[in-house]
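Work through the exercises below with the model open beside you. Try each task before you read its solution.

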Amino acid sequence: GVPTGNLDVNAGSFFIGSEILSSDANYVEIVPPVQVTTAAVALSGANSVAPSGEVVIYSVGLTGDGTSTLVGVSVNLFGTVTGFNPFPASSLTQLTVYQSADTTFDPGGDTSVGTLSSGIVVDGTTLNIPVTATPPTSQTYYYVMATIDAGAPTGSAFKVGVPAGALDVNV
């Protein structure tokens with residue numbers, strides 16, 4: 001049978017059949033299979049790059065479950081910045097997503113996991129860069145690089161936005 005009376009639990013007591021509630025410090029959290037473990041950062045401050053150069057426009061640190069896949073990263077690009085000449089979309093030849101083990105982008109050591117080289121616009125439209133990556137169970141960093149065309153006009157500038165839902169994950 002079921003015992004009756006009081007039972008000592010953590011220096012407190014309750015009656016059999018009474019409601020048991022844990023404190024807010026004791027809980028079960030349901031977590032997504034891929035978590036942002038280092039906040040996303042888009043361009044910060046003024047960044048200069050020469051034509052034919054690459055520039056990091058967005059980075060984020062992720063920790064995965066080792067099986068779910070990152071299938072897309074989204075950004076918004078705006079070709080009008082106060083005080084600068086308009087930046088033509090044709091001056092961006094490619095957006096590339098790299099996977100890195102550390103917080104320093106290294107084009108020779110980091111791995112390209114996604115590329116967008118057509119349909120790039122700078123009117124604020126959300127651009128989805130297709131990606132094929134499986135974030136491991138340890139923190140991994142992802143960098144979005146913009147490749148600037150050799151004919152990009154000097155004195156022009158663009159800015160970057162990161163839309164809600166910018167990371168597309170398949171579980």
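**Exercise 1. Describe the fold of the protein chain by its elements.**

Solution. Start with the counts: the protein chain has 0 helices and 11 strands. Helices (H or I, at least four residues) and strands (E, at least two) are DSSP runs, numbered from the N terminus. Next, read the order from the N terminus: β-β-β-β-β-β-β-β-β-β-β.

Two notes on the source apply throughout. This is a predicted model, in which local features need pLDDT of at least 70 and side-chain atom pairs count only at pLDDT 80 or more, while totals for chains, interfaces and linings use all residues. Residues are numbered from 1 along each chain as its sequence is written, and side-chain values use heavy atoms, with hydrogens and water left out.

**Exercise 2. State what share of the protein chain is buried, and what share of contacts joins residues at least 24 apart.**

Solution. Take burial first. Of the 171 residues, 35% are buried. Buried means under 20% relative accessible area, exposed over 50%, and partly exposed in between (1.4 Å probe, protein chains only). Now the surface: the accessible area of the protein chain is about 9800 Å², and 53% of this belongs to carbon and sulfur atoms. These areas come from the Shrake-Rupley method with a 1.4 Å probe; for residues, only the protein chains shown count as cover.

Then the contacts. A contact means heavy atoms within 4.5 Å. Among contacts between residues at least 6 apart in sequence, 75% join residues at least 24 apart.

**Exercise 3. Place Tyr143 and find which backbone atoms its side chain reaches.**

Solution. Locate Tyr143: strand S9, residues 140-148. Tyr143 counts as buried because its relative accessibility is 6%. List its contacts beyond four places in sequence: among them are Val56, Tyr58, Thr96, Tyr98 and Phe105. Now check the polar atoms. The side chain of Tyr143 reaches the backbone oxygen of Thr103 at 2.9 Å. That side chain also reaches the backbone nitrogen of Thr104, at 3.3 Å. Finally, compare sequence with space: Tyr143 and Asp106 are 37 residues apart in sequence and 10.0 Å apart from C-alpha to C-alpha.

**Exercise 4. Follow strand S9 to Thr147 and Ile148, and decide whether each is buried or exposed.**

Solution. Thr147 is in strand S9. Thr147 is buried, because its relative accessibility is 16%. Its side chain makes a polar contact with the side chain of Glu54 at 3.4 Å. A polar contact is a pair of N or O atoms within 3.5 Å; within protein, one must be able to donate a hydrogen and the other to accept it, and residues adjacent in sequence count only if both atoms are side-chain atoms. Thr147 also touches Gly53, Ser91, Leu92, Thr93 and Gln94.

Ile148 lies in strand S9 too. Ile148 is buried, because its relative accessible area is 5%. Its contacts include Val49, Ala50, Ser52, Phe87 and Phe158. Ile148 and Ala50 are 98 residues apart along the chain, yet their C-alpha atoms are separated by 7.7 Å.

**Exercise 5. What is the sign of phi in Ser52?**

Solution. Find Ser52 in the loop between strand S3 (35-42) and S4. Its phi is near 75°, a positive value in a residue other than glycine. Most residues other than glycine have a negative phi. Ser52 is exposed, because its relative accessible area is 53%.

**Exercise 6. Place Ser68 and Val73, then name residues that each one touches.**

Solution. Ser68 sits in the loop between strand S4 (54-63) and strand S5 (69-78). Ser68 is buried, because its relative accessible area is 2%. Its contacts include Pro33, Val34, Thr134 and Val171.

Move on to Val73, in strand S5. Val73 is buried, because its relative accessible area is 2%. Val73 touches Tyr58, Val97, Leu127 and Val144, among others. Val73 and Tyr142 are 69 residues apart in sequence and 9.5 Å apart in space, C-alpha to C-alpha.
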